[in-house]
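Student: Could you take me through one helix of this model in close detail, and then show me how the parts around it and elsewhere are put together? I would like one connected walk rather than a list.

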Amino acid sequence: MAGAEAQGVLPLVQRWAAASAPAFVPAPVQAELRRRAQVQVMQSLLLAGEMLALVRRLEGAGIPALALKGPALAVRAYGALGLRPQMDVDLLVRSRDVDRALALLAAEGYRRAYPLSAGQDAAFRAVEYHHSLVGESGTSVELHWGIIKRQFGLRAREELWWAGAQSVPLGGGEVRTLANEVLLVYLAIHGAKHEWPHLRWIGDIAAVSRLQPLDWGLVRRVSAELGALRMTRLALALAMEVAGASMPAEAAAMAREDAAVPALVAAVRPRLGSGEPAGFVASTRFQLAVRERWRDRVAFAVRHAVTPNVDDLRTAEVASGWRWVYWVLRPVRLGRK
């Protein structure tokens, strides 16, 4: 039970136990599964309400916003809010709207988890892709203007994420989210970035792969444009081989096109449920292996060495015009580490 909760699949286990295995699961276990699932449903309802309220406030102020993952993904991919546990609210705005969105969220009681000086913030915006915010009630919101750190070299034209955005019913209203094809690629990239530590994320791939309509040719083109074709193939392979999901024929064919994918699946398996980081060297090797193009591997290696993160930025405070200093401090700090 604890393992299912840690992996983010407890609601699915509870549904299976109630519908398919009542004779094999003791009544006290059934009751505890129901209790824990109900707690997660309540959390999901609270986050869904907050997501809808914030989207309405942003769009009412003329700031278009897309819902990423979270409650919108649960409804879109699983058909029910309670089947996918939620941890926070992820929203995507255009880069030009970040300052206005931050001001609006601040008026709603949200504060940055990592306060930064003007110079630190200028450097942060150049290399990162979201601000982590915490509300007065403890609710976490991630305000995105991109999908991954600069060091991964996957920054695409911004409009890619907005093209074909779809509406999802949520809490008596609607929010917009990514088109099915773009959502699948985004989830594949997100999972690869973190090296797939949660079974729930693999389940997301299986669920989104079965959405209709879904243009697999577009999935391939978007993945190739980003240099993330192997990431997408790995995600599909994990859904089939680790989650045992029945996938569309196009997905299965795409997953089997790359001879490097089976070794990556084998590398992911030990990490599922461990909760332990892979370590700097192992993680770097994985990130290099998950890229299909040599130029992307070289770009990642170089950027990984010089692109500062939050810890690097906190080592010093410089004026906005001197933010290049952080790119010099990064390799020095890495060398000491």
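Tutor: Let's start with helix α12, residues 261-268, whose buried residues are V261, L264, V265 and V268. These four sit on the same side of α12, because they cover an arc of only 105° around the axis. The general rule behind such a pattern is that an α-helix has 3.6 residues a turn, so residues three or four places apart point the same way. Turn to the face of α12 directed away from that buried side, and you meet the exposed residues P262 and A263. Please keep in mind that this is a predicted model.

What covers the buried residues of α12? Among the covering elements are α10 (229-241), α11 (249-255) and α13 (280-289). Two of these names come back when we look at charge: R230 lies in helix α10, and its salt-bridge partner D258 lies in the loop between α11 and α12. The closest N and O atoms of R230 and D258 are 2.7 Å apart. Because of where the two residues lie, the pair ties together parts that are 28 residues apart in sequence. Both R230 and D258 are buried. They also belong to a network of salt bridges that links R220, R230, R233, E257 and D258.

The structure as a whole holds 19 salt bridges, and two others make a nice comparison. In helix α3 (residues 27-60), R35 and E32 are three residues apart, which means about one helical turn separates them. Their side chains meet in a salt bridge at 2.7 Å, N to O. R35 is partly exposed, with a relative accessible area of 43%, and E32 is also partly exposed, at 23%. The other pair is D97 and R100, with 3.3 Å between the closest N and O atoms of their salt bridge. Here D97 is buried, at 5% relative accessible area, whereas R100 is partly exposed, at 41%.

A strand shows its buried side in another way. In a regular strand the side chains alternate between the two faces of the sheet. Strand β6 (residues 166-170) follows this: Q166, V168 and L170 point to one face and are buried, while S167 and P169 point to the other face and are not buried. The partner of β6 is strand β7 (residues 173-177), paired in the antiparallel sense over five bridges. Within that pairing, P169 stands opposite E174 of β7. Two residues lie between the strands of this hairpin, and G171 in the turn has a positive phi of about 55°.

Another glycine worth a look is G109, in the loop between α5 (98-107) and β3 (111-112). Although G109 is in a loop, G109 counts as buried, at 7% relative accessibility. Leaving aside residues up to four places away in sequence, G109 touches V134, G135 and E136. For a sense of scale, the C-alpha atoms of G109 and S223 are separated by 37 Å, with their positions 114 residues apart along the chain.

Let's finish at the surface, with helix α14 (residues 294-306), where W294 is found. W294 is exposed, with a relative accessible area of 64%. Together with V298 and V302, W294 makes a nonpolar surface patch of about 360 Å². So our walk runs from α12, with V261, L264, V265 and V268 buried on the same side, to a patch of nonpolar residues at the surface.

Key. Residues are numbered from 1 along each chain as its sequence is written. This is a predicted model: local features need pLDDT of at least 70, side-chain atom pairs count only at pLDDT 80 or more; totals for chains, interfaces and linings use all residues. Side-chain values use heavy atoms; hydrogens and water are left out. Patches are made of residues with over 30% relative accessible area and no salt bridge: like charges are joined within 9 Å, nonpolar side chains (Val, Leu, Ile, Met, Phe, Trp, Tyr) within 5 Å. Accessible areas come from the Shrake-Rupley method with a 1.4 Å probe; for residues, only the protein chains shown count as cover. A salt bridge is a side-chain nitrogen of Lys or Arg within 4 Å of a carboxyl oxygen of Asp or Glu. Buried means under 20% relative accessible area, exposed over 50%, partly exposed in between (1.4 Å probe, protein chains only). The arc is that of the directions from the helix axis to the C-beta atoms. Contact means heavy atoms within 4.5 Å. Two strands pair if DSSP finds at least two bridges between them.
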